[in-house]
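Work through the exercises below with the sequence and the model side by side, trying each task before reading its solution.

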Amino acid sequence: CLVCASNFGGANARSIGSQDETGDDSKDMLPWERGLYHRPLGSPEENMNIDQDDGIHSPTTPVNTSGTSVVMSGVDVTPADALRTCHAIIFYYINILLVSTVVDSYKLAERMVSVCASSSDINFLYSLYGYLQTSNHLDTLLRIDSPALESWLKDVKRDQPGLLWRYYVVHGKNSLAGDVMWKRACTANVNVGLDERMECLTRAINSFSASLEGENTTTLTGRRITTANSFATQQASFSRDEIERIITQINEQLDVAALQKRTLTTIAQSHNVDLDDSKIYNLSHSLISVSDLYNDYAAPLNLCDICLLILQTCHHNDQSTIATLWRSILCEEILPCQTHSTSVQSFLNSLKSNSMLEDESVILLNGNDSNGMGHIFENGDWIAKLKNRVISLGKELYGKGADYTFPLDLLVESLEGLRHAFDSSAASTDRRYVASSSPWPLQALLEVGVSFPEILNAFDKMLDTLHMDVVGAVTAKRLQHLSSIVDVLTQWIIAASTFSHRTVDLPGDTFDGMSSLVTNKYAENAANQLSRAAF
């Protein structure tokens, strides 16, 4: 069929399905050729039957009302029509062999594809590639080892970079595959969503990492369909150091993109965010730099959690900003509120003074009546929400190489201050109230992953600061801090004993809210830490 097709114009004729209507094949015909060719009535495309189930393309012949075939001939029938018919016959039998369940038919199909892909007729090759792609034989197409196919994927299918990436992966060109996906993720001025860009970054990392590990050439050789134009598999000219640097850079981009997606989700779920449509589009369809994400989105919108995660990602230790963000997070879970205690009002006003919620109100109630300006502090419904938020954010920040974004000293002072303010105020308003035996700030820090020695050190610093303020004075505040230190030591010993004896009945709600798996982990850590502290 290929030899026959070469007699009808070969590379000079347009490929099957060509949309170029400016060419005139009849002008290339010699006088003796006119009237030689014939085809069924209708355009070449109409005469190609496409079965939606199996993708088989075959010539069809229209019939008239009397049931006889309608055949067209003359100058309107060109060599390209005959050429397309030859190609259609080849594609028909390739498909028959590829879908056949007969033994060895697939190998025969691959041999046939190999011979066809060795053709020098670029129009036929492009028709072959297009047919395999649209006929559910993409896997067969991408296993063809040919520079012509690579060019077709780069040029004709440039709007589908995933095909070129898969082609490079199949042929073991992993660094080239990674480069394709990286460029796709970073390309500006194209309508590519953030999720797709993140997927491209992930593929790029996987491909570049695979290029560092090497590839099984024997396996690759078995998968490829070789052609007369096949060439040895080669990687892009990236050195190992360059690839490692690229992987680090892409990982950083992916971390920022994850924060960008989280920002987008937060904005979408919020009902009081006023953001320009162009900024929303940029956030959802491009990779934004970390500085722009912080300055144009997270900071102006008071997304404190995102701000802290950005500072962690950038390894930016701005202690003043970090303290402000954490105070704002604590206040977000409590304010606005009402209280019956002047000491609680004073503490909360002090807490919010260096936060982004300075305008939130702390109302002092007279009597038992509420004025509706926020919840009542003494009800304690804020404790669980605040504890869970500290744990959730703390697990993302602490132990990731930037622990300064989880300021332990500030958190111990603030959380313990809230705990004691609640206990004292609740007890003063309700004589039946018994101060909480559950040290929830300590439990939160333990679940984040902070060790007992570090927590104890933070409590010691808090007590030392108090000593400097009131030398020699035995105040209620000092007693509160000493009580908190006793809680730390008690929990530490109990946790260590739990690990040593495996089964111990814990008094009260020592580890209330912790799973057995988490408790066992802390118990083991506590035992090891206590052993080291003894020496």
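## Exercise 1: a residue and its core

Task: find which residues Leu-386 is in contact with, leaving aside its neighbours within four places in sequence.

Solution. Taking contact to mean heavy atoms within 4.5 Å, one finds that Leu-386 touches Leu-330, Glu-333, Ile-334, Leu-415, Leu-418 and Trp-440 once its neighbours within four places in sequence are set aside. The model is a predicted one, in which local features need pLDDT of at least 70 and side-chain atom pairs count only at pLDDT 80 or more, while totals for chains, interfaces and linings use all residues. Residues are numbered from 1 along each chain as its sequence is written, and side-chain values use heavy atoms, with hydrogens and water left out.

The next step is to place Leu-386 in the largest nonpolar core, a set of buried Ala, Val, Leu, Ile, Met, Phe, Trp, Tyr and Cys residues joined through side-chain atoms within 4.5 Å. Here buried means under 20% relative accessible area, exposed over 50%, and partly exposed in between, with a 1.4 Å probe and protein chains only. This core has 68 residues, and those touching the most other members are Trp-326, Ile-334, Leu-348, Phe-377, Trp-382, Leu-386 and Phe-406. Its largest share, nine residues, is supplied by helix 18 (residues 408-429); helices (H or I, at least four residues) and strands (E, at least two) are DSSP runs, numbered from the N terminus. A second, separate core holds 47 residues, among them Leu-125, Tyr-167, Tyr-168 and Met-198.

## Exercise 2: an enclosed helix

Task: list which residues of helix 7 are buried.

Solution. The buried positions are Pro-161, Leu-163, Leu-164, Trp-165, Tyr-167, Tyr-168 and Val-170. Because these make up seven of the 10 residues of helix 7 (residues 161-170), the helix is largely enclosed by the rest of the structure. Just after helix 7, Gly-172 adopts a positive phi of about 75°.

## Exercise 3: a helix pair

Task: determine at what angle the axes of helix 13 and helix 14 cross.

Solution. With axes as lines fitted to C-alpha atoms, for helices over the stretch in contact, and angles running from 0 to 180 degrees between N-to-C directions, helix 13 (residues 290-298) and helix 14 (residues 304-314) cross at roughly 165°, their axes coming within 11 Å. The two helices are therefore roughly antiparallel to each other, a term for angles over 145 degrees. At this crossing, Val-290, Leu-293, Tyr-294 and Ala-298 of helix 13 meet Ile-306, Cys-307, Ile-310, Leu-311 and Cys-314 of helix 14.

Key
Parallel < 35°, antiparallel > 145°, perpendicular 65-115°, else oblique.
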